[in-house]
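Here is a short report on a protein model. Keep the sequence and the 3D view open as you read.

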Amino acid sequence: MAAAGPRILWVNLSTGRSWEEGLDPALWRLYLGGRGLGSYLARRHLRPDVAPLGERNPLFFLTGPLTGTVAPVGSKFVVVTRSPATEGFLDSYASGALAVELRQCGYDGLAVVGRAAAPSWLEVADGGVKLHAASELWGLDALEADARVRELVAGGLGPGEPAGCGVLAIGPAGENLVSFAGINSDQGRQAGRGGAGAVMGAKRLKAIAVRGTGPVPAEDPRGILELAREHNLKLAESPLGKARSRFGTPLTLDITNRAGMLPTRNFSSGVFPEAQGELDSVGVERRTVASRSCFGCGVACSKVTRFAGSGMEPLLAVEGPEYETLGMLGSNLGIASLPFVMRANHLCDRLGLDTISTGAVVGFAMECAERGLLGGEWAQEAPRFGDEAGALRLIEDIAFRRGLGGLLARGVRAAAQVVGQGSDRFAMHSKGLEFPAYEPRAAFGAALAYAVSPRGACHRRAWPPAREVLGGVPPFTVEGKAQLVKEMYDENCVLHSLLVCDFPFKFIPLTLQDYARYVELALGQAVTLEDFSRLADRVETCIRLVNLALGLGREQDTLPARTLEEPLPEGPPAGKILGREGLDRMLDEYYALRGWDREGRPRPETLQRLGLEDEGGPDGGDQIVGR
Amino acid sequence: MATRSLAVDGGRCIGCRVCEAACSVGWAGEFNPKRARIRVPQTFLEPRPPAFCRHCPEAPCIEACPQGLYRRSPDSGLVELDEEACTGCGECLESCPFHAIFLDPATNRAMKCDLCSGRGGPWCARYCPRGALEGGGAGPGEG
C-alpha cells in the first residue's frame, strides 16, 4: 500500500508563494491521476465566478501513477483548467519530459494560480521553485522561448551536466489570449485544445521548466521493466503496431478519405481526392526524415518531416504533420499541398496555436468569403478555399489579433455571432470548441461523441469510427450508439486517468487488465477491473457536475445545423441525415446509461452510488489566491 | 571476449529513453534517468542515439582524473572507474569526447557505463524496445 496520496505543488503567481498539498491516499483508487484527478480538483476549485482568464482560474498540470515508469506509455501530462473557449471543464494533453521531471521532483501535479505582476517564467527543481522575470522571453515565439529557457536552466547547472528538463512555453497567441492558443511542450508537442495557452498568457506566465533528480515513485521497478519488455516484444510482432510505427497518424487519412469522413472545405464534403499521395501516408512518408518517440514508447508514431524550399525559402523541418493537422489545415482549407501543411503546422507551433481549431476557423472564414458574407476590409483580407498565401497570412493575423484574425481569435462560435447571416449553420463546433478532423455525418456515433464531450467537440475521449468504419458496426444509424460511445468513453477515461497514451493500448494491443498489473507494480496496491469501471463512471459524472455548475448542460450538448440537417454530397455518407431527432434520441439513451436525467443532470441515486453526493463544495480559488 | 563497448544501431534508435530507465533500475533500483549511465540527447527534430562510454583505446578520462581513479582493466580491456573514491570534481566529465560520464545526483560521484559487468550484461540492451543496443552478455535474467 502506497503510503502517500498524490502530491500537488501549488504556485501563486500573485504573491510569489508556493506550497505543497498532500492529497488523500484513497484518491489513487478513486481517481488515479490525469483526467480523474483533474475532475476531482476541478470540482473543488472551479465555479461560475472563476473567470477563465481571471487570476483565480487554476491551471493544473497533472500526471498519473504510471508516469515516468516505462509502462506503455506514461510520459503524458494533462492540463486541467476552465476553458476560455467553452467556459467549461478543459482537459488538454501532451507528451513531454515535464511529466517525468515533475514526478522526479516528487510531485504528481503542479497547480498555478494568480497572475504575475510582469511577464515571468517558472522554474521548478528538486528543492525549490523560482519565479524569474521573462522580459527577454515575452514576445518570442514558442520554439524560441523553449530554446532560451533550456539555455538558462543549463547555465545554472554544473559543468558538463546535460540540462535534461521538461519545458513548456506559449507563443504570441497565448500572450494575446487567443481562445485556442495551446501550450507547447518540448518544442513541437502541444496541449493544443481549448485555449490552455491563453490561460497561461493571462497569468503572464511565458514558460515553465521542470527538472528533478529524485526517483520516480514505483514499488517494483524491475517488475514494470519486465512487463513492459513483454509488451514491447508483442508490439514488434503486431501488424497494427508496425503500421502505426511506420506511418504514424497520417495513415488515418487513408481511412477517413475512403470513408467520406475527411473534412473538406469547411466540412462541406468528406472526400478530398487530391489528398491521395500527398496528404496521406504515402505523401508524408516521402518527406519523413526521422521518427520521434515519447519517453518509454516503442511505437514512435511522431514523424519529423523535412522540406527543402525552393529559391529563397528556407529548409523547413517540423515535428508532424499529424493526421489532425493534415485534415484541418489541408483538406478542410481545400489545399492539397504537403509543403503548405508543413509550413502552416510550423507556423502554428511557433505562434502557439492549436492546429485543429486554427484549421476550423480559417475554413469558416474561407466559406464566409466564398458566400460573400464578410464586409469591408474583412472581405478583402479573407482568403478563399485553396489560397495558401492568404491562409498563412490569416493564421499570423489570428495570433496577433489583427483585422479578420482578431475576429477569428475568439473562436468560430463567437466569430459566427458577429458575422451573422446564418453563418452559425456552418460554424463547426460543439460548446465553442471547434471540430477535429472527423466528419460526424460519416459515423453517427462520432456525432454523439462530439456532442457529449465535456470539453467540446473532441475525438480523443471516444473514437467511434474504430467500430463504425473499421469494425463492422453500421455507421448511419443511431441504434446502439449511446452504449458504444459510453463504453469507449469509459475505457479512455481509465487510460487518461492512469495517465497513459491510448495508442500502445490500441496498437499492441493491451487490455485494462494489463494496466491493472502495472498499477499494482507501481503503487503496491491491487486494483481491479471493477475499480476501473467505477472510476470511469465516477469521473465522467464528476466532470458533468463541474460543467453543470459552470452552466453547461443539455442545451450545449449539440452540434451545428450543417451536421444535423445537411446531407453530404459524395462518398459513402452521401445523402445520409442524422437529424435533431437522431441526436436527441442518442442523448436520451446516453444520459440514461450514465444515470443522468433527461436534462443530463446526475440523479441523486447516481451521486450516492458514486460517492459524489457530498464531496466538498467548490472553494472557487478563494482559499488559494489568499495565500 | 565480450564486445569492447556497447554498440548502438542509430537507424533503429527512436530516442525513447527506455535504456536510461533500465540502466537506472539496474544500478540504483529506481526509475531515475538522472542516474543513468546512458543518455539520449534531447535534440528533438534531429534525434540522436544515446551517449555511453566507448572504453576508448586512448581514454582521456584516465589522464583527466586528478586522483587517478580511472584505469584500464588488464583482464577485460575496459576502462574502469573507482566510483567509491570519487570526490565529484567533474574533470572527467569535461574530458570525455562522447559526453558519456555523468555526476550521480544522489552521491555526487562520477559514473559511467561498465557494460553491467558482473550483473549479467547491459540492462539497456535487454529492455530496448527496438533492439538497437548490443554489447557484453545477454542481460539480466538471461546472462
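How many nonpolar, polar and charged residues does the lining of the largest cavity have? The count is 8 nonpolar, 6 polar and 5 charged. Keep in mind that this model is predicted.

## The largest cavity

The rule finds 8 cavities of 30 Å³ or more. The largest cavity has a volume of about 280 Å³. Its lining is made of 19 residues. Closest to its centre are A:Arg292, A:Ser293, B:Gly15, B:Arg17 and B:Phe44.

Two domains of chain A take part in this lining. Domain 1 (7-219) and domain 2 (248-254 + 262-434) each give at least three residues to the largest cavity.

## The second largest cavity

The second largest cavity has a volume of about 100 Å³. It is lined by 16 residues. B:Cys13, B:Ile14, B:Cys16, B:Cys19 and B:Cys128 are the closest to its centre. By class, this lining has 12 nonpolar residues, 1 polar residue and 3 charged residues.

## The second largest pocket

Now turn from cavities to a pocket. The second largest pocket has a volume of about 850 Å³. Its lining holds 39 residues. Nearest its centre lie B:Val40, B:Pro41, B:Gln42, B:Thr43 and B:Arg48. Sorted by class, the lining has 19 nonpolar, 12 charged and 8 polar residues.

Chain A contributes to the pocket through several elements. Helix H4 (142-155), strand S15 (315-319) and helix H12 (338-351) of chain A each supply at least two lining residues. H4(A) gives the most, with 4 residues. Where does the pocket lie with respect to domain 1 and domain 2 of chain A? Both domains give residues to its lining, so the second largest pocket lies between them.

## Where chain A meets chain B

The size of an interface is often given as the accessible area lost when the parts come together. Chain A and chain B bury about 3,100 Å² between them. Carbon and sulfur atoms account for 60% of that area. In chain A, the residues that lose the most area to chain B are A:Leu225, A:Arg229 and A:Phe295. Together these three make up 18% of what the chain A side buries.

The contact takes 45 residues from chain A and 31 residues from chain B. How many salt bridges are counted between the two chains? The count is 2. One salt bridge joins the side chains of B:Arg126 and A:Glu226, at 2.8 Å from N to O.

## Inside chain A: domain 2 and domain 3

Chain A is divided into domain 1 (7-219), domain 2 (248-254 + 262-434) and domain 3 (440-616). Look at domain 2 and domain 3 of chain A. Their C-alpha centres lie 27 Å apart. In the contact, 24 residues of domain 2 meet 28 residues of domain 3.

The area buried between domain 2 and domain 3 of chain A is about 1,800 Å². Carbon and sulfur atoms give 58% of it. Which three residues supply more than any other three of the area that domain 2 buries against domain 3? They are A:Arg425, A:Ser430 and A:Lys431, with 37%.

Across this interface the rule finds 4 salt bridges. A:Arg425 also forms a salt bridge with A:Glu565. The closest N and O atoms of A:Arg425 and A:Glu565 are 3.3 Å apart.

Key. Residues numbered from 1 in each chain as written. Chains lettered and ligands numbered in written order. Predicted model: local features only at pLDDT ≥ 70, side-chain atom pairs only at ≥ 80, totals over all residues. Heavy atoms only, no water. 1 Å grid on protein atoms, 1.4 Å probe; cavity = no way out; pocket = protein on both sides within 12 Å on 5 of 7 lines; lining within 4 Å. Points joined across faces, edges and corners; volume = space filled by probe spheres on them. Nonpolar A, V, L, I, M, F, W, Y, C, P; charged D, E, K, R; others polar. Domains from an automatic or database assignment. Contact = heavy atoms within 4.5 Å. Buried area = accessible area lost by both parts, 1.4 Å probe.
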